[in-house]
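Here is a walk through the model you have on screen, taken one region at a time. Keep the structure open and turn it as you read.

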Amino acid sequence: MDEDQRLSPLPAQNIDTGMGLERIAALKQGVSSVFPDRCVQAPRRNGEEIAGKRLGDDDKVDLALRVLADHSRR
C-alpha cells in the first residue's frame with residue numbers, strides 16, 4: 001500500500017506460484033500432502049478401484065495413484 005492506503009501494482013505481475021487451492025487447503029489443514037484432501041479423494045479412490053490397488057500398498061503404486069489424482073482433480 002502506498003501512503004494513501006491504496007494498493008500499488010506489483011513490480012512482477014502474474015507470477016504462478018503453483019500453489020493451487022488444494023495446496024492451500026493442505027496447509028490450512030496442517031497436513032503434509034494434498035492427497036488426503038477432499039479435492040483429490042474421489043479421483044484417487046476411482047484410480048484405486050480401477051487398478052485394484054490401494055494407496056499405501058507400494059511406493060510405485062502410490063506415485064501412480066497420486067499422479068492420476070493430481071491430474072484428474074476437478
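On one side of helix α1, L21, L27 and K28 are exposed. Do keep in mind that this is a predicted model, so what follows describes the prediction. The buried residues of α1 are E22, A25 and A26. These three lie on the same side of the helix, because they cover an arc of only 100° around its axis. An α-helix has 3.6 residues a turn, so residues three or four places apart point the same way.

L27 deserves a second look. This leucine sits in α1, which spans residues 21–29, and is exposed, with a relative accessible area of 58%. Together with M19 and I24, L27 forms a nonpolar patch on the surface. The accessible area of the three residues together is about 280 Å². Just after α1 comes G30, whose phi is positive, near 75°.

**The chain as a whole**

Stepping back, the chain has 3 helices and 0 strands, and from the N terminus on its elements run α-α-α. Of its 74 residues, 22% count as buried. The accessible surface comes to about 6,100 Å², and 53% of that belongs to carbon and sulfur atoms. If you take the contacts between residues at least 6 apart in sequence, 31% of them join residues at least 24 apart.

How confident is the predictor here? The mean pLDDT of the chain is 81, and 89% of the residues reach 70 or more. Among the elements, α1 has the lowest mean pLDDT, at 80. The highest, 86, belongs to helix α3, which covers residues 59–72.

**Salt bridges**

Side chains of opposite charge can pair when their charged atoms come close. The structure holds 3 salt bridges, set out here with the separation of their N and O atoms.

| Salt bridge | N to O distance |
|---|---|
| R6 and D4 | 3.3 Å |
| R44 and E48 | 3.6 Å |
| R54 and E48 | 3.3 Å |

Which residues are linked in a network of salt bridges? They are R44, E48 and R54, and E48 is the partner of both R44 and R54.

E48 belongs to helix α2, residues 38–51. Is this glutamate buried or exposed? At 5% relative accessibility, E48 counts as buried, since the cut-off for that word is under 20%. R44, its partner in the same helix, is buried too. Being 4 residues apart in α2, E48 and R44 are separated by about one helical turn.

R54 approaches from another part of the chain: this arginine lies in the loop between α2 and α3. R54 and R44 are 10 residues apart in sequence, and their C-alpha atoms are 9.1 Å apart in space.

The contacts of the two residues fill in the surroundings. Leaving aside residues up to four places away in sequence, E48 touches K53, R54, L55 and L65. On the same basis, R54 touches E48, V61, D62 and L65. L65 therefore turns up in the contact lists of both E48 and R54, where contact means heavy atoms within 4.5 Å. With α3 covering residues 59–72, you can look for V61, D62 and L65 along that helix when you inspect the contacts of R54.

**The start of the chain**

The remaining salt bridge is found between R6 and D4. D4 counts as partly exposed, at 48% relative accessibility, whereas E48 in the network is buried.

Q5 is listed here for its backbone. Which sign does the phi of Q5 have? It is positive, at about 65°, although Q5 is not a glycine. Q5 is placed in the segment before α1 and is exposed, with a relative accessible area of 57%. A positive phi also occurs at G30, following α1.

**Pulling it together**

For a last tour of the model, start at α1, with E22, A25 and A26 buried and L21, L27 and K28 exposed on the other side. Then move to the network that links R44, E48 and R54, and finish at the salt bridge between R6 and D4.

Methods. Residues are numbered from 1 along each chain as its sequence is written. Side-chain values use heavy atoms; hydrogens and water are left out. Patches are made of residues with over 30% relative accessible area and no salt bridge: like charges are joined within 9 Å, nonpolar side chains (Val, Leu, Ile, Met, Phe, Trp, Tyr) within 5 Å. Accessible areas come from the Shrake-Rupley method with a 1.4 Å probe; for residues, only the protein chains shown count as cover. A salt bridge is a side-chain nitrogen of Lys or Arg within 4 Å of a carboxyl oxygen of Asp or Glu. Helices (H or I, at least four residues) and strands (E, at least two) are DSSP runs, numbered from the N terminus. Buried means under 20% relative accessible area, exposed over 50%, partly exposed in between (1.4 Å probe, protein chains only). The arc is that of the directions from the helix axis to the C-beta atoms. pLDDT is the predictor's confidence in each residue, from 0 to 100.
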